[in-house]
Protein chains: 2
Amino acid sequence: MTVEAKAVTTPASPPLTERQEARRRRILHASAQLASRGGFDAVQMREVAEAAGVALGTLYRYFPSKVHLLVATMQDQLQHMHTTLRKRPPAGQEPAARVAETLMRAFRALQREPHLADAMVRALTFADRSVSPEVDTVSRLTTAIILDAMGLDAPPTAEQLSAVRVIEHTWHSALITWLSGRASIAQVKIDIETVCRLIDLTAPGAAAAAPTPRKS
Amino acid sequence: MTVEAKAVTTPASPPLTERQEARRRRILHASAQLASRGGFDAVQMREVAEAAGVALGTLYRYFPSKVHLLVATMQDQLQHMHTTLRKRPPAGQEPAARVAETLMRAFRALQREPHLADAMVRALTFADRSVSPEVDTVSRLTTAIILDAMGLDAPPTAEQLSAVRVIEHTWHSALITWLSGRASIAQVKIDIETVCRLIDLTAPGAAAAAPTPRKS
DNA sequence: GGATAATGTAGAACAAGTTTCAGACTTGAT
DNA sequence: ATCAAGTCTGAAACTTGTTCTACATTATCC
């Protein structure tokens, strides 16, 4: 029996009416659509507004900047991916293998829409302080996916959370290098597998590496 | 006796005249200056041109985009840092400790000019394919710094290079989270130390983690 | 059901990155 | 010294993210 993962929820500040919810969805859909065509640059605010059947000013009321919009788009896509991934949990025995498998599955999904991936990841890493809350939500979602894949029996230790953070760093940065054509798919795979070794290293009971003396 | 590190050189396509070299330096200086004031947004091409005493068109001849300019600025700063770091090599015994120490030293340097760091790192991760060669140069420089810090006795193995790649990923991404206020300095330190454990893990002769069966 | 505040629309206006162009200045070869 | 090719300048134009304004529509509350 694995630990129950807490749901990652957006604060959802003011409740939206039905039509507002519909507008919001139309906007996110248009954003993803345009992103799929031509990546970050192809998501032009006027075009998003037009495709969503909404005035430019309204678009900006829902998403205060292009980066906000794309990060929200990423949130949206990640939700889908999370539920999809949960349906077929990874097969590996070791937590490290399961995490690597899960991330590679996600990576293959991104490969099917490389332009969309480009738009979302570039927005994510370009986001400044004003987008912190939204980026944080994405980060929590990613963390949840990784912890899910680990399938822990107990709540993660601080060490394990550090490992997960590093995996997340590597995941984002490796995606960037792939998207900008500086690393091959194979290279990304190796990087992911390499960083996932940290999971074994930080498993409770594992021989600790440098500073901590083992208890045994 | 440690392995001699190869110098990381820029291809330096057409040789520049003295005045051109001077212009280039003025531009880079202006860029760093403005970046130090207000980060990425404060580096405005018209202002850079004016501060460097150069026409806008000339600026664009030297650096075909703002991102190119800032990545070149980063290259420049990294060169400085590399030579500075080499003067006082890290003190730790283990390679992992030395790398962590070196990166933390670099991190403290960045903390002294957080706006400059912001401009450079944001440009680096936002760069698209058209900037790949320049970004690659920065990456090679960073790799050189890390390998230097490891102080290897032999050329790095493929495994070690993977570990270095992952460390680089973590380094960039951790900087981003710090710059956007989503992680504290302490958090960055932990992430760096965590990822540096991979170095011990991939040292030749170390007990390999998951897939490779140990030889001993 | 009507007053009123919030939300949405169309479109102009503004800001900063990028492009373009005509003319002046350098440079290198003859 | 001079000519041609390449470079630099100043200024305008263009693009796209963002803001603003005046007016229409919708929602909420009495």
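Helix 3 of chain A, with three residues, gives the most to the surface near DNA strand C. This is a predicted model, and the points below concern two surfaces in it, the one that faces DNA strand C and the one between chain A and chain B. Around DNA strand C there are 18 residues, while between the two protein chains an area of about 3,500 Å² is buried.

**The surface near DNA strand C**

- Among the 18 residues around DNA strand C, those that come nearest are A:Arg23, A:Thr58 and A:Tyr62 from chain A, together with B:Arg46 and B:Lys66 from chain B. Of the atoms of DNA strand C that come within 4 Å of the protein, 62% belong to sugar and phosphate.
- By class, the residues of this surface are made up of seven nonpolar, five polar and six charged ones.

**Contacts with phosphate oxygens**

- A:Arg23 places a polar side-chain atom 2.8 Å from a phosphate oxygen of DNA strand C.
- In chain B, the side chain of B:Tyr60 has an N or O atom 3.0 Å from a phosphate oxygen of DNA strand C, whereas B:Lys66 approaches with its backbone, an N or O atom of which lies 2.9 Å from a phosphate oxygen of the strand.
- The elements that give two or more residues to the surface near DNA strand C are, in chain A, helix 1 (18-42) and helix 3 (56-62), and, in chain B, helix 2 (45-52) and helix 3 (56-62).

**The interface of chain A and chain B**

- Contact between the protein chains involves 38 residues of chain A and 38 residues of chain B.
- The size of an interface is often given as the accessible area lost when the parts come together. For chain A and chain B the buried area is about 3,500 Å², and carbon and sulfur atoms give 56% of it.
- Six salt bridges are found across this interface, including one between B:Arg197 and A:Glu159, in which the closest N and O atoms are 2.4 Å apart.
- Counting residues that are both at pLDDT 80 or more, 16 residue pairs are in polar contact between chain A and chain B.

**The side of chain A that touches chain B**

- Four helices of chain A, namely helix 6 (114-126), helix 7 (132-150), helix 8 (158-179) and helix 9 (185-202), each supply at least two residues of this side.
- Helix 8 of chain A provides the largest share, with twelve residues.
- Sorted by class, the side of chain A that touches chain B holds 16 nonpolar, twelve polar and ten charged residues.

Key. Residues are numbered from 1 along each chain as its sequence is written. Chains are lettered from A and ligands numbered from 1 in the order in which they are written. This is a predicted model: local features need pLDDT of at least 70, side-chain atom pairs count only at pLDDT 80 or more; totals for chains, interfaces and linings use all residues. Side-chain values use heavy atoms; hydrogens and water are left out. A residue is near a molecule or strand if one of its heavy atoms lies within 4 Å of it. A polar contact is a pair of N or O atoms within 3.5 Å; within protein, one must be able to donate a hydrogen and the other to accept it, and residues adjacent in sequence count only if both atoms are side-chain atoms. Ala, Val, Leu, Ile, Met, Phe, Trp, Tyr, Cys and Pro count as nonpolar, Asp, Glu, Lys and Arg as charged, and the others, Gly among them, as polar. Contact means heavy atoms within 4.5 Å. Buried area is the accessible area (1.4 Å probe) that two parts lose on being put together, summed over both. A salt bridge is a side-chain nitrogen of Lys or Arg within 4 Å of a carboxyl oxygen of Asp or Glu.
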